[in-house]
Every structure is written in C-alpha cells, then in structure tokens.
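Take a moment with the structure below. This text starts from a single residue and then widens the view to the whole chain.

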Amino acid sequence: MKRKIQPTPDTIKEWIKTYAPDKDLFFLPENNLASFKEYLSNILVVPQEEFKNHSTYKQIQLANSYEYWNLSKEVKYVLVTPPGWVNNLPAKKKIELFQIQAEVNRGLIHPISDFSVDTSFLSQNMIEVKGEKQLVLHKAMWEDLSYTSKEELITDIAQEWEDWTCYDVPHKTPPHLIKFANTFPSTAGSNCLSATLFAITKQEWIIHEWVHPQTFLQSLNYEDFHLISPEDFRAGDVLTWENSDGFIQHASYCIDGHFFFNKRGQTFFNAWSIVHFDDLKEDWGHYHMKIFRKHS
C-alpha cells in the first residue's frame, strides 16, 4: 500500500546544520562583475573554470545546496563570501545580486508558494521573478532563524525534491535492506547507484557513498552481474536506465518482481524508498532500460 513517510527529528536536525553551507556562493556572468567592483574587497572572486576544478568547492553538500548542475553557462565568476557579507551590501545591490542568482539558476532559492508557513518576516531576502515571490537563502539569514522556523522551512523545501510517498516494505525484502527502507539519510552523497550496490553487496558503508557510473558498472561485473537479453525481471535483478549516449541515469534493485529498493537522487531529501515498477517507468521510462542478473 502506498503511504507517506517522514524524516525523524534527528535527521531534520542534521539537515538544518548543513543545508545552508558555511560559505555563501554567488554566481556572476562576466558582464555583471563590474557592477559589484567596490564591494569585492575581503572576499574571493574565483573564475568559474578554477571554481569547477577546485577540490574545496567540489564537496557534495555544496554541489547539492547550490545545485551546480542547474547553473547557467553564462556564469564566469563565483563570489566566495563569509556569512553576513551580503547583508552589508546597500539594499538595492543586495536585491540586484539576488536577482542575478535567480537568473543563473543558483540553488537555495525557493518560491514562497512552496512554503506552508508565513515567511513575510523574511521580506528582506525576497525577490520577484516572473510575478512570483522567491526566498533567497544564505547562511546569516538561516542562522538568525529560530529552530522551529528552520524546521518548518526545511520540511517544505525537502518536499520540493520528492513527495515522500512510498510503499510498505514487501515480505520478501532482504533483511539488510529493511533498516534503510523508507528512511532518509542525514548526510548528502548517497545516490541511486550506491543504494543499488548496497542492495547486492550487503556492505552497509557503500550506501553512504557517492558512486559514479563506471565504478558502478565495474562493481556489477565484480559481483558477477551480467547484462541479460530483454525479459521479465525478477527478485535480485538490477535495472538501469541509460540516455542516448549510453550514460546511466538511474539504477534500482528489484525485490520481488514488482517492488524495488530505490533512491531518486543524491540529496539527503531523497529517501531510500520502496517503489513500484510503475513509479520507475514514470520517472525513467523515456530512457533505455537494461537488466543485469547475477550468474547462479
């Protein structure tokens, strides 16, 4: 039966600690940098190419919070600033900077309509985008909020990523999956590939890793999983979905021929959940599906 799940209070506490990173990052196209020239002392202005290759800024939580994958190709510079720097800008400059962040698709910006609680007291951190008010999060603002406000906001934000629905754990679920089924991680990084590898290896530490496609395929091979001709999948199979270039976009572990142990993304807002094959078809059906089976 389909039902709603909830993160535990301890999980929400961990989310609150790390969702707004300790460094504020603001992304600028080349033609916008000059507009902030007199405010750039005491911060770092990092060229985008250096930023992309800088180990400090590759941390998974930074990537998830700021949603690097959505950033506009127009971004040429990244302002790396301490908490509170943005609050010291003149009001018009602060709004101008926030507007640019919305234009380049920076993360940590959320439509007010997504929140179930009153956010009017945060009006100094709001901008209007195409007629809709948006809240721009940054560290100093986040730190000033009461714990209750943070809890309410992050609960709403989390449900922008997925709706927290799942199915009851099937009777045939392997015991090592039951601990994680329909629960949320408290740290970022775990993705669909690590969840699937954990399912087949029973190595609990793997579920917390951020696994990339080639590592995943090598691991399948080492675990004696092989691609099979198209046929009905069964318990213990691994399903993958590839794009037209042959890159894996998603993977999931089959529990009983109908239900799967699954993780929709790499954020801590994405649960390790039990889903039906119909859910996977809806999410990934436009990609090419492959079935891998362990040789007996």
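Start at Ser-149, which sits in helix α6, the stretch covering residues 147-161. The model you are looking at is predicted. Is Ser-149 buried or exposed? Its relative accessibility is 15%. Buried means under 20%. Ser-149 therefore counts as buried. Now look for Thr-119. Along the chain, Thr-119 and Ser-149 are 30 residues apart. In space, their C-alpha atoms are separated by 9.2 Å.

Move on to another helix, α8, which spans residues 192-201. How many of its residues are buried? The count is 10 of the 10, so helix α8 is largely enclosed by the rest of the structure. Follow the buried residues in order. Cys-192, Leu-193, Ser-194, Ala-195 and Thr-196 are among them. Leu-197, Phe-198, Ala-199, Ile-200 and Thr-201 are also on the list. Just past the end of α8 comes Lys-202, with a positive phi of about 65 degrees.

Next, the nonpolar cores. The largest one has 60 residues. Which of them touch the most other members? They are Trp-15, Leu-25, Phe-27, Tyr-68, Trp-85 and Trp-142. Pick out Phe-27 and check its surroundings, leaving aside residues up to four places away in sequence. Its contacts include the aromatic-ring neighbours Phe-51, Tyr-66, Tyr-68 and Tyr-77. Leu-71, Val-75, Val-78, Ile-100 and Val-104 touch Phe-27 too. So do Gln-101 and Arg-106. A second core stands separate, with 27 residues. Among its members are Cys-192, Val-238, Ile-274 and Phe-292. Cys-192 is a residue you have already met, in the list of buried residues of α8.

Now step back to the whole chain. It holds 10 helices and 14 strands. Of its 296 residues, 53% count as buried. Take the contacts between residues at least 6 apart in sequence: 69% of these join residues at least 24 apart.

What about overall dimensions? The C-alpha atoms fill a box of roughly 70 × 40 × 35 Å along the principal axes. For 296 residues, a compact globule would have a radius of gyration near 19 Å, and the chain's 21 Å agrees with that.

Finish at the surface and the charges. The chain exposes about 14,900 Å², and carbon and sulfur atoms supply 49% of this area. There are 29 positive side chains and 39 negative ones. The centres of these two sets lie 2 Å apart.

Definitions and conventions: Residues numbered from 1 in each chain as written. Predicted model: local features only at pLDDT ≥ 70, side-chain atom pairs only at ≥ 80, totals over all residues. Heavy atoms only, no water. Helix = DSSP H or I, 4+ residues; strand = E, 2+ residues; numbered from the N terminus. Rg over C-alpha atoms; globule rule 2.2 N^0.38 Å. Buried < 20%, exposed > 50% of the residue type's maximum accessible area, 1.4 Å probe, protein only. Contact = heavy atoms within 4.5 Å. Areas by Shrake-Rupley, 256 points an atom, 1.4 Å probe, with all protein chains shown as cover. Lys, Arg positive; Asp, Glu negative; His and termini not counted. Charge placed at Lys NZ, Arg CZ, Asp CG, Glu CD. Core = buried A, V, L, I, M, F, W, Y, C linked by side-chain atoms within 4.5 Å.
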